Amino acid sequence: MVDVVLFRGIDVFGLSARQVVTRMSEITTIIADDDDPASFVAPELLLSFWRPFEGDDAPEDEQGYYFNSVLLARPGYYDGPGQP
């Protein structure tokens with residue numbers, strides 16, 4: 001049995017990271033994380049997508065080609081400590 005995670009019809013773990021970012025950019029702003037080039041953030045949706053390393057140029061290396069996890073945050077998460 002395989003679990004599938006969909007966000008508005010986008011297969012977050014089944015599509016390549018590049019495809020997920022492209023499709024997400026049709027819905028909302030999605031940006032590369034300044035601190036981790038293998039991660040992307042959709043701040044308006046409070047979502048963050050992560051893979052162990054940046055790897056779109058080597059599709060045979062699955063660890064960097066696909067996202068491994070997604071963070072769903074609560075409002076205020078990206079404001080940092082001490083922010084309202």
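**View 1. Ser16 lies in the loop between strand 2 and helix 1 of this predicted model.** Strand 2 covers residues 10-11, and helix 1 covers residues 17-25. Is Ser16 buried or exposed? Ser16 counts as buried, because its relative accessibility is 4%, and the limit for a buried residue is under 20% relative accessible area. When residues up to four places away in sequence are not counted, Ser16 touches Tyr65 and Tyr66.

**View 2. An open sheet is formed by four strands.** In which order do the strands of this sheet lie? The order is 3-4-5-6, and the pairing is antiparallel. Strand 3 (31-33) and strand 6 (69-72) are the edge strands, each of which pairs on one side only. On average, neighbouring strands of the sheet are turned by 30° against each other, with direction ignored. In general, the strands of a sheet pair through backbone hydrogen bonds, in either a parallel or an antiparallel manner.

**View 3. Strand 3 and strand 4 form a hairpin.** Two residues lie between these two strands. Strand 3 and strand 4 run antiparallel and are joined by three bridges. Within this pairing, Ile31 stands opposite Val41 of strand 4. Strand 4 is mostly covered, since five of its seven residues are buried.

**View 4. Strand 4 and strand 5 form a hairpin with four residues between the strands.** In this hairpin, Leu46 takes a positive phi near 60°. Strand 4 comprises residues 36-42 and strand 5 comprises residues 47-50; the two run antiparallel. How many bridges join strand 4 to strand 5? Three bridges join them. Two facing pairs can be located in this view: Ala42 stands opposite Leu47 of strand 5, and Phe40 stands opposite Phe49 of strand 5.

**View 5. Strand 5 also pairs with strand 6, in the antiparallel sense.** This pairing extends over four bridges. Phe49 has Val70 as its bridge partner in strand 6. Phe49 also stands opposite Phe40, a residue of strand 4, which spans residues 36-42.

**View 6. The largest nonpolar core contains 13 residues.** Which residues have the most contacts inside this core? They are Val20, Met24, Ile30, Phe49 and Phe67. Helix 1, strand 4 and strand 5 each supply at least two residues of the core. Helix 1 gives the most to the core, with four residues.

**View 7. Phe67, one of the core residues with the most contacts inside the core, is shown with the residues that it touches.** Residues up to four places away in sequence are again not counted. Phe67 touches Val12, Phe13, Ala17, Val20 and Val21, among others. Its further contacts are with Ala38, Phe40, Phe49, Trp50 and Arg51. Two of the residues touched, Val20 and Phe49, are themselves among those with the most contacts inside the core.

**View 8. Pro52 is found in the loop between strand 5 and helix 2.** Pro52 counts as partly exposed because its relative accessible area is 31%, a value to be placed between the limits of under 20% for buried and over 50% for exposed. Pro52 and Ser69 are 17 residues apart in sequence. In space, their C-alpha atoms are 9.3 Å apart.

**View 9. The whole protein chain provides the setting for the close-up views and has two helices and six strands.** From the N terminus on, the elements run β-β-α-β-β-β-α-β. The chain has 84 residues, of which 30% count as buried. About 5,700 Å² of the chain is exposed, and carbon and sulfur atoms supply 51% of this area. Among contacts between residues at least 6 apart in sequence, 31% join residues at least 24 apart.

**View 10. The confidence of the prediction varies along the chain.** The mean pLDDT of the protein chain is 83, and 80% of its residues reach 70 or more. Where is confidence lowest, and where is it highest? Confidence is lowest in helix 2 (residues 62-65), with a mean of 66, and highest in strand 2, at 96.

Terms used: Residues are numbered from 1 along each chain as its sequence is written. This is a predicted model: local features need pLDDT of at least 70, side-chain atom pairs count only at pLDDT 80 or more; totals for chains, interfaces and linings use all residues. Side-chain values use heavy atoms; hydrogens and water are left out. Buried means under 20% relative accessible area, exposed over 50%, partly exposed in between (1.4 Å probe, protein chains only). Contact means heavy atoms within 4.5 Å. Two strands pair if DSSP finds at least two bridges between them. Axes are lines fitted to C-alpha atoms, for helices over the stretch in contact, and angles run from 0 to 180 degrees between N-to-C directions. A nonpolar core is a set of buried Ala, Val, Leu, Ile, Met, Phe, Trp, Tyr and Cys residues joined through side-chain atoms within 4.5 Å. pLDDT is the predictor's confidence in each residue, from 0 to 100. Accessible areas come from the Shrake-Rupley method with a 1.4 Å probe; for residues, only the protein chains shown count as cover.
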